[in-house]
Amino acid sequence: MAVSIEAFRKAVEQYLADNQGRKLDIPMTYSEQLKGFMLFNRLRSNIFVLPTVHQFPYTQLGILLPKISTTIMQDESLPARIEVYCASSIAVRQAEELKALMRSCGIELEIFDSLQLNKYKQFEDIFTEGPAEFTEIDEASKMLFGMLAEGSNVSEIKSNLICSIIIFLLDEQGNLTAKQLREEAEERFNHEIGSIEQEVKFLLQKKRIERDATNKDVLKLTKNEKAVFQSMRFESKREEAAFHQAFISLLKSYGIPDASKLIEQLKSLYVESCEVNIDSASSGVDEEKRKEQVFRDFCNIIKGYLKNSETTEHFMSDLRDVCMDNPFLEKIGASEMFLSLYRSSKLEQFINSKKKLVYLDTRVLIYHYCQLASRGKGWPYWNDPSYRATCNLTSLVTKKNKDIKLRISEAYLGEIAGELQKALRTAWFDEKVKFSAKITFQTNNVFYNFYLYLRENDCLITEKGPMKFSQFVQSMGFSNCAPESSSFIKDTKKSISKQLMLLGIDIMPVGWKDPHLYEETKMEWDLLNNSKTYQKSVSAINADSKQLLHIMSQPVEQDGKECEFYYASWDRTFTKMRDWLLDKSGKLHNFFIYNPARMANRFALSHFKIDSKCITHEVFFYADSQFKLRQKIGSLFDHVLIPFFGNKDDEGLDLMNLLIDIQDKHMSQHEPEIGDDWNDEKLPLESVFDSIKQSLKGWHCSENDLFRYLTDKKNQVEVTGIFDNAFSAISKKKKYDAYIIKLGEQMNSYKQSKVKIESTVL
């Protein structure tokens, strides 16, 4: 997000004023030398203050500060203290290097970057993405943003980076629980991850991590993975050291000093050249031109040392060889290229432009109740996977409450009351029969399982012994603890409603315009229910039918914003019933169904505003070695971003609109049958584009041939027909190769006809 120097300067002034700072006038004698600086008196001493919005402050400050130090040292009346406020981030090592440089001149330097400043209220409007108006985003960009937020290519890269950080943290800190790992990863990234359940599951399956033998909550590296990681860590250090050594040797051979400074300048230029601005008219990145620009810019720096153009050319030729022989800079560049995509202000607008209305099923809400009961109690974290997933989701919603709103259907209040009623009856059995004295008492009731966990961990001790379940229920805010009472359900629903209102969760009344469709839905659900081993009650089917119809008939726009509807549940029958209703009625709209872990992961990873300094060379080296990350990032750019979004001519917008509509119709949001698969499904459009790009060479066609064919309105019917059939096959888990082949044949025919027409004209 671009920050204006005027707005940032005002924020810095306000921050200093709020912290006992008094602004002074810059001495007129030095107004030119100190241009951009401010002078403040704070804590009984004067300081120079420099606000900067430069994207790469290290490069700027490396040039500016030595000049300022000369001015300060020439006049003892000037303060020898400088505070720099950066609107972007700066690596700790770079900041320390600049401080050491200024200390050598007798000047005290402090640097505050965006990661530190965004914690203060004065900078909220600067760094927090506000409700900016969602305007002037063309359809091609919308499609691109959809892929960055939800596409599988990018989701896989994000997951690979998280997996690598998990491995890095376990090697660095030893044994950690999943909760500790997520918190440590979020601190390292300075970004909410939401959930790492999928990544942990993947790493367990691949035998890279394992659970501790004595404490199953604790995760650690396997013996083999520890050896692999240590080996790769050594290799990453060797690779970095080899590059530095080769670079320093080259400088020495040409008699050039300032080796460490020039290395950092080369890195900064390389990082800067890799940054992709997708807010600009084109997102294309020409690899060769990008590299050439780096060398041209660095050449200008070297000219100042060598003073001879021919010698400079020889040096640059040798430098190219050094860079080509060692992939160190390439890995820095690949990381920056991917992460820079998420600095787009328009992408943030796109993600935040839609209201996300999340409906919770009965079980999810009960887990949420258990989470709330734990607040401020100092109880150990319940390491139930479903509880963990729910906590991750609700915590994420709490932090991003402007984007996401929790809801529950009024029809489910009775179900929650019924679950509490069952728990109280179970407790009577457990307490009276003392069955638990022989074997561990087992139940699938969430309320009672949570109570058992706390009781077994001695968290519910009173003067008269362990707290009874009825007492525990009262502590959760329920007044009626007599399950056989005639008013139990009514009283409990009232208590639930009161609690939900306090939590800001909306209770949605159910109602629909077509009672006949409700009856048909119940009948169809009953047929599906009879085919299952675990069967729902009639009341549960009624409540689910009401919930389903309610979600699908809600207005798709509220308060001028488009709405996205989500259902958080582990119930897979909802997916089949949703699809049945979409075929049954054209008046209902689609919605997304995810279990809490996948939903939290999807919400958190749609934003991925991670500073590239968080992905150190060691981490990226591991990610590249184990997951081929450079190859995946290259594929993302080569197969999707450059050919299909590099050209946003108006003539292609009609086609983009059509394809978006077709994709929406066929969008597959089914939960994988195996549960939480760590790799998201591909969007249909992404899959087809990727296949087309890989087939172009075999068809002897260029990207220009493809673009001309796709955007010619004469081909619109056949193009949309091919994409429609391909999307349909993807949503049904079938092959779509035949449709890609057909598109190639049609395109070649079109290309040949154009050649004949052009030759005739000539």
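**Close-up 1. C370, a buried cysteine outside any disulfide.** In this predicted model, C370 comes out at 0% relative accessibility, so this cysteine counts as buried. Looking for a disulfide partner here? C370 is in no disulfide, and the nearest cysteine sulfur, which belongs to C391, sits 8.9 Å away. That doesn't make the pair, because a disulfide calls for two cysteine sulfur atoms within 2.5 Å. The structure as a whole holds 0 disulfides.

**Close-up 2. C163, another cysteine that is buried.** The relative accessible area of C163 is 0%. Anything under 20% counts as buried, so a value like this falls on that side of the cut-off. With 0 disulfides in the structure, there is no such bond to look for in this view either.

**Close-up 3. K207, a lysine with a positive phi.** Phi of K207 is near 60°, and this residue isn't a glycine. That's worth a second look because most residues other than glycine have a negative phi. Where does K207 sit? You'll find K207 in the loop between α9 (197-205) and β7 (209-211). At 63% relative accessibility, K207 counts as exposed.

**Close-up 4. K628, in a loop between two helices.** Here the loop containing K628 runs between α26 (617-627) and α27 (629-645). K628 has a positive phi too, near 55°, again in a residue other than glycine. Is K628 buried or exposed? K628 counts as exposed, with a relative accessibility of 51%; the cut-off for exposed is over 50%, so that value makes it.

Terms used: Residues are numbered from 1 along each chain as its sequence is written. This is a predicted model: local features need pLDDT of at least 70, side-chain atom pairs count only at pLDDT 80 or more; totals for chains, interfaces and linings use all residues. Side-chain values use heavy atoms; hydrogens and water are left out. Helices (H or I, at least four residues) and strands (E, at least two) are DSSP runs, numbered from the N terminus. Buried means under 20% relative accessible area, exposed over 50%, partly exposed in between (1.4 Å probe, protein chains only).
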